[in-house]
Amino acid sequence: MGRNETETKGNVKSDSLYLHIDSVKTGRRLERLIRQRGYSVRDIQCLLRLSCPQPVYRWMRGQILPSVEHLFVLSKLLQVHMEELLVPLYEMPGEAPGAGDRNCPERLRWRRMTAYSCKYLYWKAA
């Protein structure tokens, strides 16, 4: 299937590989945070040990999303939680609980799960 063709899954049509994440807005957010923190694309390439800068540019253009490991490192570099790097296409009931309330018990549970996942990745990498 070509890049511009629309893919249908169930009743959902999508031009993106990611049905729940807005990759273009996520790329813009990544670019904004990287620039705000004073990093260049070359800095990110070196810190993530990428062989070339193209993946970083592709993230910023919304063509692809970073891997979980790269999101983890980016979240540490940019001093934000991993989930704050991603922009959802839309909020679905039960998908992103307590989106407006940072102290919602459901949202806190999601944050704990994210923290545990990060610790696991760190442990696995060591």
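How much area does the chain expose, and what share of it do carbon and sulfur atoms supply? In this predicted model, the exposed area comes to about 8,800 Å², and carbon and sulfur atoms supply 54% of that figure. Turning from the outside to the inside, buried residues account for 29% of the 126 residues in the chain.

The overall layout is quick to describe. There are 6 helices and 2 strands, and reading along the sequence gives the pattern β-β-α-α-α-α-α-α. As for how the chain comes back on itself, take the contacts between residues at least 6 apart in sequence: 52% of them join residues at least 24 apart.

Next comes the core. In soluble globular proteins, nonpolar side chains tend to be buried together. Here the largest nonpolar core holds 19 residues, and the members touching the most others are Ile44, Leu48, Val56, Trp59, Leu74, Leu78 and Leu85. Two or more core residues come from each of helix H1 (23–36), helix H2 (41–47), helix H3 (54–61), helix H4 (68–78) and helix H5 (82–85). H4 gives the most, with 5 residues.

H4 deserves a second look. Its buried residues are Leu71, Phe72, Leu74, Ser75, Leu77 and Leu78. An α-helix has 3.6 residues a turn, so residues three or four places apart point the same way. Within H4, Leu71, Leu74 and Leu78 are among the buried residues. Leu74 has plenty of company: setting aside residues up to four places away in sequence, Leu74 touches Leu30, Ile44, Leu48, Trp59, Pro66, Gln79 and Leu85.

Gln79, one of those partners of Leu74, sits in the loop between H4 and H5. With a relative accessible area of 64%, Gln79 is over the 50% cut-off and therefore counts as exposed. Just after H4, the backbone of Gln79 takes a positive phi of about 60°. Arg49 also has a positive phi, near 55°, in a residue other than glycine. Arg49 belongs to the loop between H2 and H3, and at 77% relative accessibility it is exposed too.

How do H1 and H3 meet, and at roughly what angle do their axes cross? The two axes come within 6 Å and cross at roughly 120°, which means that H1 lies oblique to H3. On the H1 side, the contact is made by Ser23, Val24, Gly27, Arg28, Leu30, Glu31, Ile34 and Arg35, while H3 brings Trp59, Met60 and Arg61. By type, the residues of this contact split into 5 nonpolar, 2 polar and 4 charged.

Two more residues on these helices round out the picture. Thr26, in helix H1, has a relative accessible area of 1%, which is under 20%, so Thr26 is buried. Leaving out residues up to four places away in sequence, Thr26 touches Ile21, Leu65, Leu85, Leu86 and Val87. Pro55, found in helix H3, is partly exposed, with a relative accessible area of 21%. Apart from neighbours within four places in sequence, Pro55 is in contact with Leu50 and Ile64. The C-alpha atoms of Pro55 and Leu65 are separated by 8.9 Å, with the two residues 10 apart along the chain.

Definitions and conventions:
Residues are numbered from 1 along each chain as its sequence is written. This is a predicted model: local features need pLDDT of at least 70, side-chain atom pairs count only at pLDDT 80 or more; totals for chains, interfaces and linings use all residues. Side-chain values use heavy atoms; hydrogens and water are left out. A nonpolar core is a set of buried Ala, Val, Leu, Ile, Met, Phe, Trp, Tyr and Cys residues joined through side-chain atoms within 4.5 Å. Buried means under 20% relative accessible area, exposed over 50%, partly exposed in between (1.4 Å probe, protein chains only). Helices (H or I, at least four residues) and strands (E, at least two) are DSSP runs, numbered from the N terminus. Contact means heavy atoms within 4.5 Å. Accessible areas come from the Shrake-Rupley method with a 1.4 Å probe; for residues, only the protein chains shown count as cover. Axes are lines fitted to C-alpha atoms, for helices over the stretch in contact, and angles run from 0 to 180 degrees between N-to-C directions. Angles under 35 degrees count as roughly parallel, over 145 as roughly antiparallel, 65 to 115 as roughly perpendicular and the rest as oblique. Ala, Val, Leu, Ile, Met, Phe, Trp, Tyr, Cys and Pro count as nonpolar, Asp, Glu, Lys and Arg as charged, and the others, Gly among them, as polar.
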